[in-house]
Amino acid sequence: MNDSSSCPNCNSPYGYPSDGLMMCPECGHEWNPEEVDEDEQTVVKDANGSTLQDGDSVVIAKDLPVKGAPKPIKAGTKVKNIRLVDGDHNIDCKIDGFGSMALKSEFVKKA
């Protein structure tokens, strides 16, 4: 369900009406609530707030424990060619020494 007061740019719930348009106080985006496209892709942001895209390289921001693995993925590990997906773990990637992984974008930084 898409609320017309939620910003389509940053998903902030604090949109307010201004001169017939809606305004976002967090990112400054203006939009017409009647023209919001329901099929827009979600914006995925890293730990620093940078927008991520398919094919980007990222760096792991903190040690991440992996179920079934004897050691965690260390902070500073570079991951190349990520793929964005829907869901809680919104990054699919391959990490050397670990194989295919699903990561949360809040634990990575854009390289």
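In the predicted model, strands S9 and S10 form a hairpin in which 3 residues lie between the two strands. Glycine 97, located in the turn of this hairpin, has a positive phi of about 90 degrees. The pairing of S9 with S10 (residues 99-103) is antiparallel and comprises 5 bridges. Within this pairing, aspartate 92 has alanine 102 of S10 as its bridge partner.

Strand S9 (residues 91-95) presents two faces. Ile91, Cys93 and Ile95 make up the covered face, whereas Asp92 and Lys94 make up the uncovered one.

S9 also pairs with strand S8 (residues 83-84), again in the antiparallel sense, over 2 bridges. Here aspartate 92 of S9 is the bridge partner of arginine 83. Aspartate 92 is thus bridged to arginine 83 as well as to alanine 102 in S10. S8 and S9 form a hairpin with 6 residues between the strands, and glycine 87 in this hairpin adopts a positive phi near 125 degrees.

A further set of strands is found earlier in the numbering. Three strands form an open sheet with the order S1-S2-S3 and antiparallel pairing. Strand S1 (16-18) and strand S3 (30-31) are the edge strands; each has a single partner strand, so one side of each lacks a neighbour in the sheet. Strands of a sheet pair through backbone hydrogen bonds, in either a parallel or an antiparallel arrangement. Strand S2 (residues 21-23) runs antiparallel to S3 and is joined to S3 by 2 bridges. In this pair of strands, methionine 22 stands opposite tryptophan 31 of S3.

Methods: Residues are numbered from 1 along each chain as its sequence is written. This is a predicted model: local features need pLDDT of at least 70, side-chain atom pairs count only at pLDDT 80 or more; totals for chains, interfaces and linings use all residues. Side-chain values use heavy atoms; hydrogens and water are left out. Two strands pair if DSSP finds at least two bridges between them. Helices (H or I, at least four residues) and strands (E, at least two) are DSSP runs, numbered from the N terminus. Buried means under 20% relative accessible area, exposed over 50%, partly exposed in between (1.4 Å probe, protein chains only).
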